[in-house]
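Colleague: Could you walk me through this model and explain the labels you use as we go?
Modeller: Gladly; ask away.

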Amino acid sequence: MYAIVFTGHILPLAYGIIDSENDAAWSWFFEKFKEAYGERENMCIVSDRNESIIKSVSRVYPAVLHFACIWHLWNNVYKKFKKSHSKLSEIYFSMAKACTQDEFDSPMEKVEKVDIRVKEYLELAGYEKWARLYAPVNRGWTMTSNIAESINAALVSARELQIYDFLEEVRRCLDFGIAAIGKKLHRHTQRLEKKYQEILTLNEAMSTRMTVVPSTEYLHTVNDEGRHYTVCLLERKCSCGRFQVDELPCPHAWTILKRKFLMPEDYCSDYYKSKSVVMTYEVPVYPIPNRNEWNILAHISEEVVLPPKWK
């Protein structure tokens, strides 16, 4: 089991070895994770909402928001309402990523027309659990927990090893991945990490057709093909919702920044900046010492560990 965060890359926070995914195992994992990582401001958890995970999070992290992986939630919809799946998949994912009420309500009306049972199921799941618009904190780009599967896939054969060898294989896998990311980042010369620089460049291209009407030094109205959007540079907000949710200048903000000869990178989250990402991956995963160097307590070394009676 893993705890992972990412801003375009995998950043492993913790992993553990357990007998099976059950209430006791997940409680142990989150308890140990809390000892190491603590509880932080605007922290949230995204999972497939396995029943044991739900119970353990509510007990160990009662004040931390627990979001649903939108991919797993849609798989549940597919299993229950197969006839609606092909028609509604694209609509559902657009709702999950919506930044304004209109972007959410309009697709939901289509869902209701196709199959009202799907709408009722999504309401029951709680909009705040899967829709970015209703999330009490900014969950940013983290909409699924699928990235954990890439580590699972890399460790399939390693699972057959004994515990010590398995842990070494996990460490080598993580070290190799972190070193590769670090090497790529050191070659990157732009202020923003590549993924976010590309998004910023795309937003700039979309901003060329827009016009600006200033209200104050920081407050502006942007005309985008007949629709008006309000942008506040001071608060880094736009009525389109994307400036504050993505924490990158949206096309409307870009129009104003170009007009005022301001650097767009100065209005991006520090988490997206190459310098911050490089610092994140400077922390190594320390190797396990050679076995003859282990400092094992006597009462542990004398204990005989037998295989379990049952699988």
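Colleague: Let's begin with Lys34: why is Lys34 called partly exposed?
Modeller: Buried means under 20% relative accessible area, exposed over 50%, and partly exposed in between, with a 1.4 Å probe and protein chains only. Lys34 has 29% relative accessibility, so it counts as partly exposed. Lys34 belongs to helix H1 (residues 23-37); helices (H or I, at least four residues) and strands (E, at least two) are DSSP runs, numbered from the N terminus.

Colleague: Before we go on, what kind of model is this, and what are the ground rules?
Modeller: It is a predicted model, in which local features need pLDDT of at least 70 and side-chain atom pairs count only at pLDDT 80 or more, while totals for chains, interfaces and linings use all residues. Residues are numbered from 1 along each chain as its sequence is written, and side-chain values use heavy atoms, with hydrogens and water left out.

Colleague: What is Lys34 in contact with, leaving aside its neighbours within four places in sequence?
Modeller: Contact means heavy atoms within 4.5 Å, and on that basis Lys34 is in contact with Glu39, Val60 and Tyr61. Lys34 and Val60 are 26 residues apart along the chain, with 7.8 Å between their C-alpha atoms.

Colleague: And what makes Arg139 buried?
Modeller: Its relative accessible area is 3%, so Arg139 is buried. Arg139 sits in the loop between H7 and helix H8 (148-154). Not counting residues up to four places away in sequence, it touches Val46, Phe67, Ala68, Lys129, Trp130 and Arg132. Arg139 and Phe67 are 72 residues apart in sequence, yet 8.7 Å apart in space, C-alpha to C-alpha.

Colleague: Which residues touch the most other members of the largest nonpolar core?
Modeller: A nonpolar core is a set of buried Ala, Val, Leu, Ile, Met, Phe, Trp, Tyr and Cys residues joined through side-chain atoms within 4.5 Å. The largest has 20 residues, and Phe104, Met108, Val118, Leu122 and Trp130 touch the most other members. At least two residues come from each of helix H3 (70-80), helix H4 (85-96), helix H5 (101-114), helix H6 (116-125) and helix H7 (127-130). H4 gives the most, with five residues. There is also a second, separate core of 14 residues, including Met210, Val231, Cys240 and Tyr267.

Colleague: Why do you say that H12 is largely enclosed by the rest of the structure?
Modeller: Seven of its nine residues are buried, so the description follows. They are Pro251, His252, Ala253, Trp254, Thr255, Ile256 and Leu257. These residues pack against H10, strand E5 (211-214), strand E6 (219-224), strand E7 (227-232), strand E8 (237-238) and helix H11 (242-246).

Colleague: Turning to H10, how do you know that its buried residues line one face of the helix?
Modeller: The buried residues of H10 are Tyr196, Gln197, Leu200 and Asn203. Seen down the axis of H10, they fall within an arc of 120 degrees, so they line one face; the arc is that of the directions from the helix axis to the C-beta atoms. What covers them includes helix H12 (251-259).

Colleague: And how does the span of H10 compare with the expected one?
Modeller: The expected span of a helix is 1.5 Å times one less than its number of residues. H10 (residues 194-206) has 13 residues and reaches 19 Å from its first C-alpha to its last, close to the expected 18 Å.

Colleague: How many disulfides does the structure hold?
Modeller: Zero, where a disulfide is a pair of cysteine sulfur atoms within 2.5 Å. For Cys232, the nearest cysteine sulfur is that of Cys238, 11 Å away, and Cys232 is in no disulfide. Cys232 has a relative accessible area of 15%, so it is buried. Cys173, at 26% relative accessibility, counts as partly exposed.

Colleague: What is worth noting about phi at Phe261?
Modeller: Phi of Phe261 is near 55 degrees, a positive value in a residue other than glycine. Most residues other than glycine have a negative phi. Phe261 comes just after H12, in the loop between H12 and helix H13 (274-280). At 76% relative accessibility, Phe261 counts as exposed.
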